[in-house]
Amino acid sequence: MARRPGAPAAYGEEFSFVSPLVKYLLFFFNMLFWVISMVMVAVGVYARLMKHAAALACLAVDPAILLIVVGVLMFLLTFCGCIGSLRENICLLQTFSLCLTIVFLLQLAAGILGFVFSDKARGKVSELINNAIVHYRDDLDLQNLIDFGQKKFSCCGGISYRDWSQNMYFNCSDDNPSRERCSVPYSCCLPTPNQAVINTMCGQNMQALDYLEASKVIYTNGCIDKLVNWIHSNLFLLGGVALGLAIPQLVGILLSQVLVNQIKDQIKLQLYNQQHRADPWY
């Protein structure tokens, strides 16, 4: 049947503006991070359940809680992306795109603010480290994380090794009955070549010594300065990591917007076909 002059070109009923490549690429992209988020939540919940009840006092610095929170947020976000792409749901796709954009902008803002207000950022890091020192013996995961950091950066405490006096077990007060009184963790100790067994008591009474004497046995410099120096000397590495985190987010935003536009075009086509199906010039 002849087409009315000036009418848009007709498409077959089987034609679709929605590209299967974009649709399933976005689906599998979200599915990958959906699985990762479920693993994060499972590991976090397992680690939380395996801890002693006393560890409930230090939720703010608990790596397991952080893992659960990040995993749940990632799960909800990627759920919108997975279902939205599979079902071609504009609402879910726009929610996914909006949330991903907000996360990206927050990360960008945090990086800029951390660079501009470096002194305040340093103060927040110092506060976090001091809080972790206070709860060192309350949480095994936190303890292992601090020990790893002190050995990795060859440091001890926040500003100096005497920061460990903030912990009730390492406090130097005379009424402290702990066997670790005025000591520091073994991770502060200088490495001993060819040591077969780790001496976990090597930091005994180190806080009672001055810097010169203590430096013969342990690291006396704090971890904050070491961490700042490491950041300054590894800016390209950190930039690469930031770019590696940003690229998947930008790809997700781009794919979701492309798919949303394709779905809208498909809806317009369907409405046009329905309106002109009875048109004798169609």
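## Largest pocket

In this predicted model, the largest pocket has 44 lining residues. Those that lie nearest its centre are Val 125, Leu 128, Leu 227, Ile 231 and Leu 238. Six helices give two or more residues to this lining: H2 (63-87), H3 (90-116), H4 (118-134), H5 (140-153), H7 and H8. The space in the largest pocket comes to about 1800 Å³.

By residue class, the lining of the largest pocket holds 32 nonpolar, 9 polar and 3 charged residues.

## Second largest pocket

The second largest pocket has a volume of about 500 Å³. It is lined by 17 residues, and Met 74, Leu 77, Leu 100, Val 103 and Gln 249 are the closest to its centre. Helix H1 (20-49), together with H2, H3 and H8, supplies this lining, each with at least two residues.

The lining of the second largest pocket is made up of 12 nonpolar and 5 polar residues, with no charged residue. Helices H2, H3 and H8 are listed for the second largest pocket and also appear among the contributors to the largest pocket.

## Nonpolar surface patch

A nonpolar patch of about 600 Å² lies on the surface. Its members are Trp 230, Ile 231, Leu 235, Leu 237, Leu 238, Val 241 and Leu 245. Helix H7 (223-233) and helix H8 (235-276) each provide at least two of the patch residues. The most comes from H8, with 5 residues.

Two residues link the patch to the largest pocket. Ile 231 and Leu 238 belong to the patch, and both are listed among the residues nearest the centre of the largest pocket.

## Ile 231

Ile 231 is located in helix H7. How does this residue count in terms of exposure: buried, partly exposed or exposed? Ile 231 counts as partly exposed because its relative accessibility is 32%, which falls between the 20% limit for buried and the 50% limit for exposed. The same value is over the 30% relative accessible area that patch residues need.

## Overall fold

The protein contains 8 helices and 0 strands. Along the sequence, the order of elements reads α-α-α-α-α-α-α-α. Of the 282 residues in the protein, 33% are buried.

Technical notes. Residues are numbered from 1 along each chain as its sequence is written. This is a predicted model: local features need pLDDT of at least 70, side-chain atom pairs count only at pLDDT 80 or more; totals for chains, interfaces and linings use all residues. Side-chain values use heavy atoms; hydrogens and water are left out. Patches are made of residues with over 30% relative accessible area and no salt bridge: like charges are joined within 9 Å, nonpolar side chains (Val, Leu, Ile, Met, Phe, Trp, Tyr) within 5 Å. Accessible areas come from the Shrake-Rupley method with a 1.4 Å probe; for residues, only the protein chains shown count as cover. A salt bridge is a side-chain nitrogen of Lys or Arg within 4 Å of a carboxyl oxygen of Asp or Glu. Helices (H or I, at least four residues) and strands (E, at least two) are DSSP runs, numbered from the N terminus. Buried means under 20% relative accessible area, exposed over 50%, partly exposed in between (1.4 Å probe, protein chains only). On a 1 Å grid over the protein atoms alone, a cavity is a set of points where a 1.4 Å probe fits but cannot get out, and a pocket is an open set with protein on both sides within 12 Å along at least five of seven lines; lining residues have an atom within 4 Å of a point. Grid points are joined across faces, edges and corners, and a volume is the space filled by probe spheres set on the points. Ala, Val, Leu, Ile, Met, Phe, Trp, Tyr, Cys and Pro count as nonpolar, Asp, Glu, Lys and Arg as charged, and the others, Gly among them, as polar.
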